[in-house]
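Biologist: Got a minute to go through this one with me? I'd like to hear the reasoning behind each label.

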Amino acid sequence: CVLGPFREIFAIVLAFVMIGIAIGAALARAGVTFRWFALAAVGGIVFTVAETRSFVAWYAEYRGIWAQGDLGRLLALKFGIVGSLSLVAFSAFGGLIPSLQREFSDKPHSGGYLLFLSALANAAGFLLMFFGLHPYFDYGVILMILATGMATAVIVFQRRMLDALVAVVLA
């Protein structure tokens, strides 16, 4: 890994995943819609893919100057880079389930079911990333896989919303 040992960077990324989930849930509670979260997730992934090379080049150039052997400053630099590259996407992912639950709140048991599925998907995604994707693919390829999945979800959701709107108008 470019920024340091795999486990150290994985721990920083995991910290930002948790922070992003909390931010996303708070934004969903404030009224941000599922559509905005889905678009922000795709946009955040695209930004990460597009800008990772720039951030890594900047890190390689300034790491020695900025940190000067100080572990705290080096960790702060790594947290800053990982957070800048990932927090929008992680926050968007964190808000998807709560916003979806709010938008379909007329179904009383859907909330628990969505959260259960989300927890299973998070666990499966973590295991897939750690054991399946990370050992075989660069982060750019992994992000493109995630972006493709999110774009597909946005298209499917938009189609379902359009079908529901047409049904209401024709009724």
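**Reading the labels**

Modeller: Sure. This is a predicted model, and the protein averages a pLDDT of 80, with 85% of the residues scoring at least 70. Helix α5 (residues 139–170) has the lowest mean pLDDT of the elements, 71, while α3 has the highest, 88.

Biologist: How many helices and strands are there?

Modeller: Five helices and zero strands. Reading from the N terminus, the order is α-α-α-α-α. Of the 171 residues, 28% are buried.

Biologist: Okay, serine 99. Why is serine 99 called buried?

Modeller: Buried means under 20% relative accessible area. Serine 99 has 0%, so the label fits. The residue is found in helix α3, which covers residues 71–103.

Biologist: And which residues is serine 99 in contact with?

Modeller: Ala28, Val32, Thr33, Phe34 and Phe37, once neighbours within four places in sequence are left aside. Contact here takes heavy atoms within 4.5 Å.

Biologist: What makes the pair of serine 99 and leucine 96 a polar contact?

Modeller: The cut-off for the N or O atoms is 3.5 Å. A polar atom of the serine 99 side chain lies 3.0 Å from the backbone oxygen of leucine 96, so the distance is within the limit.

Biologist: How many salt bridges do you count?

Modeller: One. Glutamate 8 pairs with lysine 78.

Biologist: How do you know that glutamate 8 and lysine 78 form a salt bridge?

Modeller: The rule asks for a Lys or Arg side-chain nitrogen within 4 Å of a carboxyl oxygen of Asp or Glu. Here the closest N and O atoms are 2.4 Å apart, so the pair qualifies. The bridge links distant parts of the chain: glutamate 8 sits in helix α1 and lysine 78 in helix α3, 70 residues apart. In general, side chains of opposite charge can pair when their charged atoms come close.

Biologist: Why do the two partners get separate accessibility labels?

Modeller: Lysine 78 has 4% relative accessibility, under the 20% cut-off, so it counts as buried. Glutamate 8 has 27%, which falls between 20% and 50%, so it counts as partly exposed.

Biologist: What about leucine 75, buried or exposed or in between?

Modeller: In between: at 29%, leucine 75 counts as partly exposed. This residue is also in helix α3. Not counting residues up to four places away in sequence, leucine 75 touches Glu8 and Ile12. Leucine 75 and isoleucine 12 are 63 residues apart in sequence, with their C-alpha atoms 9.1 Å apart.

Biologist: Which residues form the nonpolar patch on the surface?

Modeller: Leu14, Met18, Ile21, Phe126, Leu127 and Phe131, with about 560 Å² of accessible area together. Helices α1 (6–29) and α4 (110–133) each supply at least two of the patch residues.

Biologist: What makes leucine 127 accessible enough for a patch?

Modeller: A patch residue needs over 30% relative accessible area. Leucine 127 has 46%, so it passes that cut-off, and it counts as partly exposed. Its place is in helix α4.

Biologist: Last one: which residues does valine 42 touch?

Modeller: Met150, Ala151 and Val154, not counting residues up to four places away in sequence. Valine 42 itself lies in helix α2, residues 34–67. There's also a C-alpha to C-alpha distance of 7.3 Å between valine 42 and alanine 89, which are 47 residues apart in sequence.

Terms used
Residues numbered from 1 in each chain as written. Heavy atoms only, no water. Helix = DSSP H or I, 4+ residues; strand = E, 2+ residues; numbered from the N terminus. Buried < 20%, exposed > 50% of the residue type's maximum accessible area, 1.4 Å probe, protein only. Polar contact = N/O pair within 3.5 Å; in protein donor to acceptor, adjacent residues only side chain to side chain. Patch = residues over 30% accessible without salt bridge, like charges linked within 9 Å, V, L, I, M, F, W, Y side chains within 5 Å. Areas by Shrake-Rupley, 256 points an atom, 1.4 Å probe, with all protein chains shown as cover. pLDDT = per-residue confidence, 0-100.
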